[in-house]
Every structure is written in C-alpha cells, then in structure tokens.
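Welcome, and thanks for opening the viewer. Let us walk through this model together, one selection at a time.

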Amino acid sequence: MAKGKTNAMRILDSRKIEYKIHTYESNDGKIDGVSVAQKIGLDTKKVYKTLVAQGNNKDIFVFVIPVEEELDLKKAAIVANVKKVEMVPVKDIQKHTGYIRGGCSPIGMKKAYPTFIDAQASNLDSIIVSAGKIGMQVELTVADLTSSTEGQIVDIIK
C-alpha cells in the first residue's frame with residue numbers, strides 16, 4: 001500500500017474536503033484506467049482519467065473523462081475556446097503538471113489550469129480520480145472535485 005499524502009490529498013485536507021483513498025498494486029504495469037477500476041473493484045463509469053492537452057495558443061487544459069471513453073478533441077477545443085487542442089506528449093506531462101503518467105491528478109497541479117470534467121460525472125454521487133501517485137486513487141463528490149479544480153462540467157467525449 002502506498003504511504004504518505006500526495007499533494008492532491010494535502011489540498012483536499014486543507015479545504016476540509018472528505019475523500020476516500022483506494023489503493024492498488026501497480027507492479028504488473030497495468031496502470032490504465034480500466035485496469036485500475038478492475039483492481040479497486042469499482043465500476044468503470046465512476047473512475048475517471050486526467051488528460052492534459054495544449055491549445056494552439058500554447059495554453060494547457062485539463063480534461064477529466066470516464067476511463068472507457070475517448071476525449072473529443074473538437075468538443076475540447078470548443079469548451080477551451082481555442083481553435084484546436086492536442087494531447088501533451090507523455091514526456092512533457094510532468095513538466096506541466098508535476099505529476100507523471102498514470103499518477104496525474106486533476107487536483108494540485110503545478111499551476112491552476114482550466115479544467116473540464118465530462119458531463120457524465122453529473123450523474124454520479126462520487127467520482128474517482130488519481131490521487132497524484134501511481135497506485136492511489138481518491139474518491140470524492142463531483143461537487144468537491146469541481147470546486148477543488150475550479151472545473152466546469154461539459155460534454156467532451158466522443
């Protein structure tokens with residue numbers, strides 16, 4: 001079990017936001033969202049992945065979508081108010097967010113980037129996102145995720 005608080009957890013604690021930690025074994029290298037959902041024994045519709053993209057204006061945007069879904073780049077560009085967005089290369093994720101692939105939390109990035117949470121989240125009581133470390137997820141209410149990321153709920157999946 002992973003030990004210690006992540007930056008995301010410290011931020012949630014400082015805002016007195018309740019959350020539940022889910023841990024999983026990552027030694028098998030399966031850290032994709034669907035595998036994580038299976039490992040923690042929860043419905044893939046509740047487990048969300050954090051995607052980092054860059055607009056044609058070089059701004060960084062964060063998109064939080066269900067693990068089984070695919071980001072619609074056209075919809076993403078529209079909500080981000082740019083001509084187009086592209087995924088940030090994996091090698092650059094840490095430079096922008098402070099997190100690594102598989103452990104990228106939408107909470108507590110290096111900077112407060114515009115964050116967009118897929119509209120399907122509004123049907124959930126709670127949502128599960130990375131805690132900011134491979135092997136750890138946090139579960140919290142959608143309202144708490146939205147407030148802690150200053151996120152907007154929008155339709156961004158294909």
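Over how many bridges do β6 and strand β7 pair, and in which sense? Select β7 (residues 136-141) together with β6: the two pair in the antiparallel sense over 6 bridges. Before going further, a word on ground rules. This is a predicted model, in which local features need pLDDT of at least 70, side-chain atom pairs count only at pLDDT 80 or more, and totals for chains, interfaces and linings use all residues. Residues are numbered from 1 along each chain as its sequence is written, and side-chain values use heavy atoms, with hydrogens and water left out.

**Stop one: the three-stranded sheet**

Keep β6 and β7 on screen and zoom in on serine 130, whose bridge partner in β7 is glutamine 137. Now add β1: the 3 strands form an open antiparallel sheet in the order β1-β7-β6. Two strands count as paired if DSSP finds at least two bridges between them; strands (E, at least two residues) and helices (H or I, at least four) are DSSP runs numbered from the N terminus. At the edges are β1 (20-23) and β6, each pairing on one side only. Ignoring direction, neighbouring strands here are turned by 35 degrees against each other on average.

Next, show helix α1 (residues 7-14), which packs on this sheet and touches β1, β6 and β7. Its direction makes about 25 degrees with that of β7. Contact means heavy atoms within 4.5 Å, and angles, from 0 to 180 degrees, are taken between N-to-C directions of lines fitted to C-alpha atoms, for helices over the stretch in contact. Then colour α5, which packs on the sheet by touching β6 and β7, at about 105 degrees to β7.

**Stop two: the five-stranded sheet**

Leave α5 (residues 142-149) visible, as this helix also lies across β3, β5 and β8, running at about 165 degrees to β5. Select the open sheet of 5 strands, ordered β4-β2-β3-β5-β8 with mixed pairing. β4 (85-87) and β8 (152-154) stand at the edges with a single partner strand each, so one side of each is left without a neighbour in the sheet. The twist averages 35 degrees from one strand to the next.

For a parallel pair, pick β3 (residues 60-66) and β5 (residues 115-118), joined by 3 bridges. Here valine 62 stands opposite threonine 115 in β5. Helix α3 (residues 73-80) packs on the sheet too, touching β3, β4, β5 and β8, with its direction about 120 degrees from that of β4.

**Stop three: a salt bridge**

Show the side chains of glutamate 70 and lysine 158, which meet in a salt bridge at 3.0 Å, N to O. The pair links distant parts of the chain, 88 residues apart: glutamate 70 is in the loop between β3 and α3, and lysine 158 in the segment after β8. The whole structure has 8 salt bridges (a side-chain nitrogen of Lys or Arg within 4 Å of a carboxyl oxygen of Asp or Glu).

**Stop four: the largest pocket**

Finally, centre the view on Lys49, Thr50, Leu51, Arg101 and Gly102, the closest to the centre of the largest pocket among its 22 lining residues. β2 gives the most to this lining, with 5 residues. Colour by class and you will find 13 nonpolar, 6 polar and 3 charged residues in the lining (Ala, Val, Leu, Ile, Met, Phe, Trp, Tyr, Cys and Pro count as nonpolar, Asp, Glu, Lys and Arg as charged, and the others, Gly among them, as polar). A pocket is an open set of points on a 1 Å grid over the protein atoms alone, where a 1.4 Å probe fits, with protein on both sides within 12 Å along at least five of seven lines; lining residues have an atom within 4 Å of a point.
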